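The exercises below are meant to be worked with the sequence and the coordinates open side by side. Try each task before reading its solution.

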Amino acid sequence: MTALNRVPSLMARAGTASALTIAAVGGSIVAPGFASEAAAATPATKALKIAASKKGAPYRYGATGPHRFDCSGLTLYSFKKAGKKLPRTAAQQYNKTHHISAKNRKAGDLVFFHSGSNVYHVGIYAGKNKLWHSPKSGDVVRLQKIWTKSVWYGRVK
């Protein structure tokens, strides 16, 4: 919703003259309870969009972008562009996140694949049981359904 679309509903709160003046000069109205789209975008949602923008980029072991990625290289690159630091490997990234349950996961959280206590793969949760990731040699960055229950979730602090 644009600021101009909110003008009629906010006129009473902001005052008719001031709301019309602000709208006439192309400004936006800031009212309690409203966040601009830019302010509402968290680093996690930014990182998710960045990862999605790399769709089709080839997998390359050890690569951290901007044109080729391994799994943790994609998450590192995406969060770095969103203003957050992550360590290099999937296991190190798991150790630096706030661990959350599957029922509390949100788009933009990290999905860690594990065998026992060994974390071997990471991607960014996209919602609807899917993730963006750089799967393996010969493959490309893509959106894929989570294929196993052997996953943990972590939220970047």
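**Exercise 1. Locate Ala41 in the chain, and decide whether Ala41 counts as buried, partly exposed or exposed.**

Solution. The model is a predicted one, and the first step is to place the residue: Ala41 sits in the loop that lies between helix 3 (37-40) and helix 4 (43-53). The second step is to compare its relative accessibility with the cut-offs, under 20% for buried and over 50% for exposed; because the value for Ala41 is 25%, the residue counts as partly exposed. As a further check on its position, the C-alpha atom of Ala41 is separated by 9.9 Å from that of Ala82, although these positions lie 41 residues apart along the chain when counted as sequence separation.

**Exercise 2. Describe the largest nonpolar core: how many residues has it, and which elements supply at least two residues each?**

Solution. Begin with the membership, which comes to 23 residues, and with those having the most contacts inside the core, namely Phe69, Phe79, Leu110, Phe112, Val122, Ile124 and Val141. Next, assign the core to elements: at least two residues each come from helix 4, helix 5 (71-81), helix 6 (90-95), strand 2 (110-115) and strand 3 (118-127). Helix 4 gives the largest share of this core, with five residues. Apart from this core lies another, of eight residues, including Ile100, Val111, Tyr125 and Leu131. To finish, take Val122 as an example: once neighbours within four places in sequence are set aside, its contacts include Cys71, Thr75, Ala90, Leu110, Phe112 and His133.

**Exercise 3. Trace the pairing of strand 4 (residues 130-133): how many bridges join strand 4 to strand 3, and how many to strand 5?**

Solution. On one side, strand 3 and strand 4 pair in the antiparallel sense over three bridges, and Tyr125 has Leu131 of strand 4 as its bridge partner. The hairpin formed by these two strands has two residues between them, and in this hairpin Lys128 adopts a positive phi near 55°. On the other side, strand 4 and strand 5 (residues 142-145) also run antiparallel, joined by four bridges, with Trp132 opposite Leu143 of strand 5.

**Exercise 4. Summarise the whole protein: what pattern does the protein follow along the sequence, and what percentage of its residues count as buried?**

Solution. Counting elements gives six helices and six strands, and reading along the sequence gives the pattern α-α-α-α-α-α-β-β-β-β-β-β. Of the 157 residues, 39% count as buried, while the protein exposes about 9200 Å², of which carbon and sulfur atoms supply 55%.

Definitions and conventions. Residues numbered from 1 in each chain as written. Predicted model: local features only at pLDDT ≥ 70, side-chain atom pairs only at ≥ 80, totals over all residues. Heavy atoms only, no water. Buried < 20%, exposed > 50% of the residue type's maximum accessible area, 1.4 Å probe, protein only. Core = buried A, V, L, I, M, F, W, Y, C linked by side-chain atoms within 4.5 Å. Contact = heavy atoms within 4.5 Å. Pairing = 2+ DSSP bridges. Areas by Shrake-Rupley, 256 points an atom, 1.4 Å probe, with all protein chains shown as cover.
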